[in-house]
Amino acid sequence: MPLRLLINGSKGRMGREIAVTATDLGLAVVAAVDLGDDLAAGIAQADAIVDFSSAHATRPLLELAVARGKPVVIGTTGHAPEEKRALLALAARVPCVWAGNYSVGVNLLYALTRRAASVLGADYDAEVVEMHHRFKKDAPSGTAARLLEIILAERQLTAESLRHGRQGITGERQPSEVGIHSLRGGDVVGDHSVIFAALGERLELTHKASDRGIFARGALRAAQWVVAQPAGVYDMQDVLGLK
Ligand code: NAD
């Protein structure tokens with residue numbers, strides 16, 4: 001029997017992409033819910049809920065999932081840090097995958113960045129460069145922020161080491177600096193590069209997204225995985241066995 005899904009945010013860019021991809025993969029979309037629809041109406045038939053909607057939707061969605069014991073995949077972003085902490089505690093009562101980026105390639109980039117930062121050590125200057133379309137409203141991207149967190153953690157540095165762009169007489173680069181540079185333009189879906197540069201060699205790890213279908217495929221891989229897990233909050237590193 002194919003996995004049966006409820007998609008929340010079904011009329012959005014991601015919701016529509018997920019519905020098409022699910023059908024391609026032979027999964028069944030038994031309920032498509034968007035703003036103003038009754039979320040509870042189709043939940044009984046669903047094996048799992050996939051949510052790419054808005055941050056306001058997450059609490060009622062999780063409360064319902066917990067009440068009905070349904071596994072959840074959360075792709076929605078934009079929760080305030082305190083709000084997210086409370087939501088994660090709620091989400092832990094059902095099997096839940098929660099990731100800010102469902103691309104399999106980006107999640108492998110996280111793992112490779114951790115490994116490179118550890119093997120190469122502090123002698124290799126680390127810089128992150130990201131580029132997104134001209135409509136993006138925030139910088140750096142959430143994915144770049146995650147890459148920076150990984151580098152800082154691996155090098156036991158704090159956010160004070162971050163250098164957001166450089167301008168003027170900055171002085172020589174300090175070994176503890178981690179640079180972040182955000183480029184904006186055109187219709188770029190999302191490029192991320194992590195550069196490790198030493199005297200004599202440079203390693204660059206680059207991921208380029210060209211189609212939002214990668215997020216849909218990753219989220220559906222997460223949905224197929226999470227239905228077999230015990231209650232708890234997981235991320236894509238768990239789904240892909242990268243931990
Ligand atoms: P979108 O604006 O195209 O679609 C959002 C949809 O959600 C709309 O149809 C809207 O009507 C609906 N919606 C809003 N509030 C709702 C509610 N309370 N209940 C049900 N539906 C509601 O946005 P999008 O590009 O599809 O992105 C949706 C979310 O997914 C955003 O938070 C975005 O940042 C996130 N996103 C995450 C990833 C990832 O990999 N984690 C990838 C892409 C987008």
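**A walk through two sheets and two cores**

Let's start with one pair of residues: I49 has V72 in β4 as its bridge partner. That pair belongs to a parallel pairing, in which β3 and strand β4 (residues 72-74) are joined over three bridges. Keep in mind as you look around that this is a predicted model.

Now zoom out from that pair. β3 and β4 sit in an open sheet of six strands, and if you read across it the order is β2-β1-β3-β4-β5-β11, with parallel pairing. Which strands stand at the edges here? They are β2 (28-33) and β11 (232-234); each has a single partner strand, so one side of each is left without a neighbour in the sheet. On average, neighbouring strands of this sheet are turned by 20° against each other, direction ignored. As for what holds such an arrangement together, strands of a sheet pair through backbone hydrogen bonds, either parallel or antiparallel.

Helices lie across this sheet too. Helix α2 (residues 58-68) crosses β1, β3, β4 and β5 (95-98), and it runs at about 165° to β4. Helix α3 (residues 81-91) lies across β5 and β11, at about 145° to β5.

Next, look at the nonpolar side chains. In soluble globular proteins, nonpolar side chains tend to be buried together. The largest nonpolar core in this model has 25 residues, and the ones touching the most other members are L5, I18, V73 and Y102. Two or more residues come from each of β1 (4-8), α1 (13-24), β3 (48-51), α6 (213-226) and α7 (236-239). Of these, α6 gives the most, with seven residues. L5 is a good place to pause: leaving aside residues up to four places away in sequence, its contacts include A22, V30, A48, V50, L220 and A223. Apart from this core lies another one, made of 22 residues, with L109, A144, L148 and I151 among them.

How is the chain divided into domains? Domain 1 takes in 4-102 + 212-240, while domain 2 covers 104-209. Their C-alpha centres are 29 Å apart, and the contact takes seven residues from domain 1 and nine residues from domain 2. Between them the two domains bury about 710 Å², with 54% of that on carbon and sulfur atoms.

One more sheet is left to visit. This open sheet has five strands in the order β7-β8-β6-β9-β10, and its pairing is mixed. Here β7 and β10 (201-209) are the edge strands, each with a single partner strand, so one side of each is left without a neighbour in the sheet. The twist averages 15° from one strand to the next.

You can follow the strands of this sheet residue by residue. Strand β7 (residues 162-164) runs parallel to β8, and three bridges join them. Along that pairing, L162 stands opposite V178 in β8, and R163 has G179 in β8 as its bridge partner. On to the next pairing: strand β8 (residues 178-184) and strand β6 (residues 125-132) pair in the parallel sense over seven bridges. There, M131 stands opposite L183 in β8.

Key
Residues numbered from 1 in each chain as written. Predicted model: local features only at pLDDT ≥ 70, side-chain atom pairs only at ≥ 80, totals over all residues. Heavy atoms only, no water. Core = buried A, V, L, I, M, F, W, Y, C linked by side-chain atoms within 4.5 Å. Buried < 20%, exposed > 50% of the residue type's maximum accessible area, 1.4 Å probe, protein only. Helix = DSSP H or I, 4+ residues; strand = E, 2+ residues; numbered from the N terminus. Contact = heavy atoms within 4.5 Å. Pairing = 2+ DSSP bridges. Axes fitted to C-alpha atoms, helices over the stretch in contact; angles between N-to-C directions. Domains from an automatic or database assignment. Buried area = accessible area lost by both parts, 1.4 Å probe.
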